[in-house]
Amino acid sequence: MAGNSFPITNHPNGFSSVVTILGQPILSVQSNNVWWVDGSTGADGNPGTFQRPFDTLERATDFMAAGDTIMVAAGHTEAISTATYLTFDVANVRVIGMGVGQGRPTFTFDSVAGATINVSANGVTFANCRFMAGLADITAAFTLTTAKSFTLDTCSFGKTSTFVFDYIVDMGTTDNACDGLTIVGCDWYDTSTSNVGFVKLDATTNGVRFLNNFIDLGLVNDVGMGFACATGKYLTDFLAIGNIMRRLITSDTGGGFINSDTTTHTGVLANNYMQVNMAGTPIWIVASSGMSFFENYISGVNGASGFILPARDS
């Protein structure tokens with residue numbers, strides 16, 4: 001209509017951040033590169049576009065720049081067969097899997113126990129992917145070195161046959177080098193007795209967020225299924241909310257969620273649920289850990305509902 005003064009858009013200067021619908025980015029409004037990976041239709045000689053994707057995530061890492069997004073197709077499969085196959089050394093890169101359930105991209109760690117995904121840059125995120133142990137005692141799915149704000153979002157961890165992960169994340173040994181670790185909406189199911197814990201904490205770390213995860217493990221004795229802390233190492237400004245956890249070992253006497261020898265932790269555990277078959281009274285962490293607790297339920301008997309521990313203040 002002639003003389004129509006209605007604006008074409010309410011955002012003539014674009015958007016200040018990525019726009020999402022149902023958690024998926026509208027990639028056309030993103031200023032950084034978007035690379036596509038699909039093992040079924042792609043080739044490593046392709047340019048990595050939606051129409052001509054790369055064949056592997058490894059190939060996409062050759063092109064990634066700070067702030068880029070790598071989209072991995074539903075049904076994609078890829079083997080992680082060495083300790084150096086995948087390295088993320090560029091900041092703020094996101095790997096986002098497409099699909100749901102077992103149709104999400106699946107990465108299998110095989111050939112050597114040290115097969116791992118290395119992360120040595122800040123702000124790296126993996127979302128909506130599956131990771132499977134394809135060899136006995138894979139040391140860790142992710143090995144971090146100077147990797148602040150690393151995030152695992154809605155990822156699943158499991159095994160093929162009798163193979164297991166020892167840990168999901170190895171934090172390295174440098175204090176505060178991996179501050180801001182966030183693990184949200186993830187699940188790990190493995191009832192064998194040779195896995196250890198979700199996070200190997202060999203360094204004092206600040207700002208860890210462990211939110212709405214599900215863990216069901218066999219687990220070795222006296223190691224926390226969430227965090228296995230090295231001697232003298234601890235968590236500060238820690239937050240754990242809404243996690244559901246179970247372990248099957250019957251002779252454990254350590255902290256069911258965080259195994260630690262120090263009382264200098266700070267943070268909050270709230271609305272978590274844990275069943276731990278233990279030799280004595282079940283505990284979340286050492287009694288004088290320094291943490292604050294709100295409405296956490298725990299049971300030391302398989303098949304029984306939990307009780308609030310620590311007990312409510314009278």
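This is a short tour of a predicted model, one selection at a time.

**The whole chain**

Start with everything shown as a cartoon. The protein has 314 residues, with 1 helix and 31 strands. Buried residues make up 49% of the total. Now consider the contacts in the protein with a separation of 6 or more: 78% of them join residues that are 24 or more positions apart.

**The ten-strand sheet**

Next, select strands β3, β4, β7, β10, β13, β16, β20, β24, β27 and β29. In that order, these 10 strands form an open sheet with parallel pairing. At the edges stand β3 (34-37) and β29 (292-294); each has a single partner strand, so one side of each is left without a neighbour in the sheet. Neighbouring strands of the sheet are turned against each other by 10° on average, direction ignored.

For one pairing inside this sheet, select residues 69-72, which are strand β4, and residues 94-97, which are strand β7. The two strands pair in the parallel sense over 4 bridges. Ile70 has Val95 in β7 as its bridge partner.

**Thr182, in β16**

Select residues 182-184, which form strand β16, and pick out Thr182. Is Thr182 buried or exposed? Thr182 is buried, because its relative accessible area of 19% is under the 20% limit. Beyond its neighbours within four places in sequence, Thr182 is in contact with Phe150, Thr151, Leu152 and Arg209.

**Gly267, in β27**

Move to residues 267-270, which make up strand β27, and select Gly267. Gly267 is buried too, with a relative accessible area of 17%. Display Gly290 as well: this residue is 23 residues from Gly267 along the chain, and the two C-alpha atoms are separated by 7.6 Å. Leaving out residues within four places in sequence, the contacts of Gly267 are Phe238, Met291 and Ser292.

**Strand β11 and its partners**

Select residues 130-133, which are strand β11. In a regular strand, side chains alternate between the two faces of the sheet. In β11, Arg130 and Met132 lie on one side, while Phe131 and Ala133 lie on the other. These residues are all buried, and both faces of the strand are covered.

Add strand β8 (residues 106-109), which pairs with β11 in the parallel sense over 4 bridges. Here Phe109 stands opposite Ala133. Then add strand β14 (residues 156-159), which also pairs with β11 in the parallel sense over 4 bridges. Phe131 has Phe157 in β14 as its bridge partner.

**The nonpolar cores**

Which residues have the most contacts inside the largest nonpolar core? Select Phe88 and Phe126, which hold that place in a core of 69 residues. Strand β12 (residues 138-144) gives this core its largest share, 4 residues. Another core, of 5 residues, lies apart from it, and Ala140, Tyr167, Val196 and Ala228 are among its members.

Return to Phe126 and display what it touches, not counting residues up to four places away in sequence: the list includes Leu57, Phe88, Val95, Phe131, Phe142 and Phe150.

**A pocket**

End at the second largest pocket, which has a volume of about 170 Å³. Select Ile244, Met245, Tyr273, Met274 and Gln275: of the 13 residues that line this pocket, these are the closest to its centre. Strands β25 (244-252), β28 (273-278) and β30 (297-299) each supply at least two residues of the lining.

Technical notes. Residues are numbered from 1 along each chain as its sequence is written. This is a predicted model: local features need pLDDT of at least 70, side-chain atom pairs count only at pLDDT 80 or more; totals for chains, interfaces and linings use all residues. Side-chain values use heavy atoms; hydrogens and water are left out. Buried means under 20% relative accessible area, exposed over 50%, partly exposed in between (1.4 Å probe, protein chains only). Contact means heavy atoms within 4.5 Å. Two strands pair if DSSP finds at least two bridges between them. Axes are lines fitted to C-alpha atoms, for helices over the stretch in contact, and angles run from 0 to 180 degrees between N-to-C directions. A nonpolar core is a set of buried Ala, Val, Leu, Ile, Met, Phe, Trp, Tyr and Cys residues joined through side-chain atoms within 4.5 Å. On a 1 Å grid over the protein atoms alone, a cavity is a set of points where a 1.4 Å probe fits but cannot get out, and a pocket is an open set with protein on both sides within 12 Å along at least five of seven lines; lining residues have an atom within 4 Å of a point. Grid points are joined across faces, edges and corners, and a volume is the space filled by probe spheres set on the points.
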